[in-house]
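Reader: I'd like a close look at one part of this model, the place where the two chains meet. Could you walk me through it in one go?

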Amino acid sequence: MSAYRVQDPRIHGIKTKIRVVPNFPKPGIMFQDITTLLLDPKAFKDTIDLFVERYKGKNISVVAGIEARGFIFGPPIALAIGAKFVPLRKPKKLPGEVIFEEYTLEYGKDRLEMHVGAVEPGERALVVDDLIATGGTLCAAMNLLERVGAEVVECACVIELPDLQGRKRLSGKPLYVLVEYH
Amino acid sequence: MFAAENGLRGDPRLEAISEAIRVVPHFPKQGIMFQDITTLLLDPKAFKDTVDIFVDRYRDMDISVVAGVEARGFMFGPSIALAIGAKFVPLSKPRKLPGKVISEAYELEYGTDCLEMHIGAVQPGERALVIDDLIATGGTFSAAIRLLERVGAEVVECACVIGLPEVKGQCRLNGKPIYILVEPRGIDNCC
């Protein structure tokens with residue numbers, strides 16, 4: 001589900017603040033740049049508020065954010081709902097003992113890592129990133145959390161690219177987005 | 001300067017913040033006692049206190065820009081920016097930012113690295129804060145200051161959670177004040 005269908009008046013303001021940068025990182029890709037959203041304190045606050053309103057009081061104890069833009073949205077949500085923030089990172093960034101999950105890229109593979117002990121079995125978790133495209137990274141994130149016994153309640157992103165059908169890779173887990181870009 | 005010397009001496013929040021930080025020996029290489037803030041982020045109260053201390057300090061300083069250094073500066077900066085009504089500007093590693101950027105090189109122990117900022121993100125005359133999790137040699141913070149000054153902003157202060165011994169006694173970097181919450185933890189506090 002996405003908030004835009006409910007037509008919350010804040011959504012339009014958020015959508016207009018996202019800048020599209022053509023041909024980045026390579027020709028043919030229309031990159032959704034959220035840094036311009038962060039330059040507008042009201043629109044940025046509205047973005048966080050929309051997520052907080054949805055997740056407050058739902059007994060979520062973990063907000064897991066995907067490096068690096070998930071680190072921008074995840075912590076403010078975690079702080080507002082009283083949850084811990086868990087960074088999910090590229091290889092070799094986290095200093096302690098980690099578990100990792102591999103995922104495929106267009107060419108090759110990458111991996112996502114999480115600290116052992118950060119999340120306990122039975123915790124209710126949210127996964128946050130700025131955008132869902134193919135869903136590969138979100139899927140890896142969900143797998144990490146489920147492997148340690150957490151329950152992924154929902155994946156939350158600012159932007160969805162529905163044409164890439166990322167929703168299908170989430171194994172039926174709910175996805176909540178604020179804006180879609182076709 | 002350290003928060004304890006600047007109005008927060010004996011503040012119990014600082015002790016809790018310090019204790020929530022984990023030391024990981026020999027990461028990323030032998031001899032380095034890595035100060036791991038991810039354990040601080042696992043403690044909602046201590047994390048909130050960290051942000052609140054910065055917010056209380058900066059809310060009345062007319063700051064319109066919080067610039068956070070990728071990636072751990074992203075974990076603290078946006079919450080501060082939101083609370084004080086400032087914009088958040090990411091300072092990123094090369095080739096991460098999609099739009100037109102300016103770059104500033106800085107020295108590593110071996111070699112150099114680069115910090116980038118979007119052109120147009122910051123206007124001349126804006127008052128800015130730079131935030132990262134930790135300050136060691138000050139190389140990254142210096143590059144951040146130079147980026148902001150090149151576009152005509154005024155860097156009001158550099159803020160970080162942890163300050164390594166190299167900066168102890170130095171309260172300025174490139175002439176800019178540094179504000180640090182805690183000192184690094186020792187080997188007896190490691191995992």
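Author: Let's fix one term before starting: a salt bridge here is a side-chain nitrogen of Lys or Arg within 4 Å of a carboxyl oxygen of Asp or Glu. Keep in mind too that this is a predicted model. By that rule, there are zero salt bridges across the interface of chain A and chain B. What does turn up between chain A and chain B is six residue pairs in polar contact, with both partners at pLDDT 80 or more.

On to how much of each chain takes part. On chain A, 33 residues are in contact with 33 residues of chain B. Together the two chains bury about 2700 Å², and 72% of that is on carbon and sulfur atoms. Three residues stand out on the chain A side: A:Leu39, A:Leu79 and A:Pro95 supply 23% of the area that chain A buries against chain B, more than any other three residues.

Which elements of chain A give two or more residues to the side that touches chain B? Among the strands they are E1 (19–22), E2 (30–33) and E4 (84–88), and the helices are H3 (35–38), H4 (41–55) and H5 (70–81). H5(A) gives the most, with five residues. Sorted by type, the residues on this side of chain A divide into 21 nonpolar, four polar and eight charged.

A record adds some context for chain A. UniProt, in an unreviewed entry, lists residues 41–168 of chain A as "domain: Phosphoribosyltransferase". Over residues 41–168 the chain is 30% helix and 34% strand, with the end C-alpha atoms 33 Å apart.

Since you're looking at chain B as well, here are two of its residues. B:Ile80 sits in helix H4 (residues 73–84) of chain B, and it counts as buried because its relative accessibility is 1%, where the cut-off is under 20%. Setting aside neighbours within four places in sequence, B:Ile80 is in contact with B:Val51, B:Phe54, B:Val55, B:Val66, B:Leu129 and B:Ile131. Take B:Phe54 from that list: B:Ile80 and B:Phe54 are 26 residues apart in sequence, yet 6.9 Å apart in space, C-alpha to C-alpha.

B:Glu126, for its part, is in the loop between strand E6 (112–118) and strand E7 (127–135) of chain B. B:Glu126 also counts as buried, at 11% relative accessibility. Beyond its neighbours within four places in sequence, B:Glu126 has contacts that include B:Ser64, B:Val65, B:Lys87 and B:Gly152. With B:Lys87, the side chain of B:Glu126 makes a polar contact of 2.7 Å.

Conventions
Residues numbered from 1 in each chain as written. Chains lettered and ligands numbered in written order. Predicted model: local features only at pLDDT ≥ 70, side-chain atom pairs only at ≥ 80, totals over all residues. Heavy atoms only, no water. Contact = heavy atoms within 4.5 Å. Buried area = accessible area lost by both parts, 1.4 Å probe. Polar contact = N/O pair within 3.5 Å; in protein donor to acceptor, adjacent residues only side chain to side chain. Helix = DSSP H or I, 4+ residues; strand = E, 2+ residues; numbered from the N terminus. Nonpolar A, V, L, I, M, F, W, Y, C, P; charged D, E, K, R; others polar. UniProt positions renumbered as here; feature names shortened; annotations may be inferred. Buried < 20%, exposed > 50% of the residue type's maximum accessible area, 1.4 Å probe, protein only.
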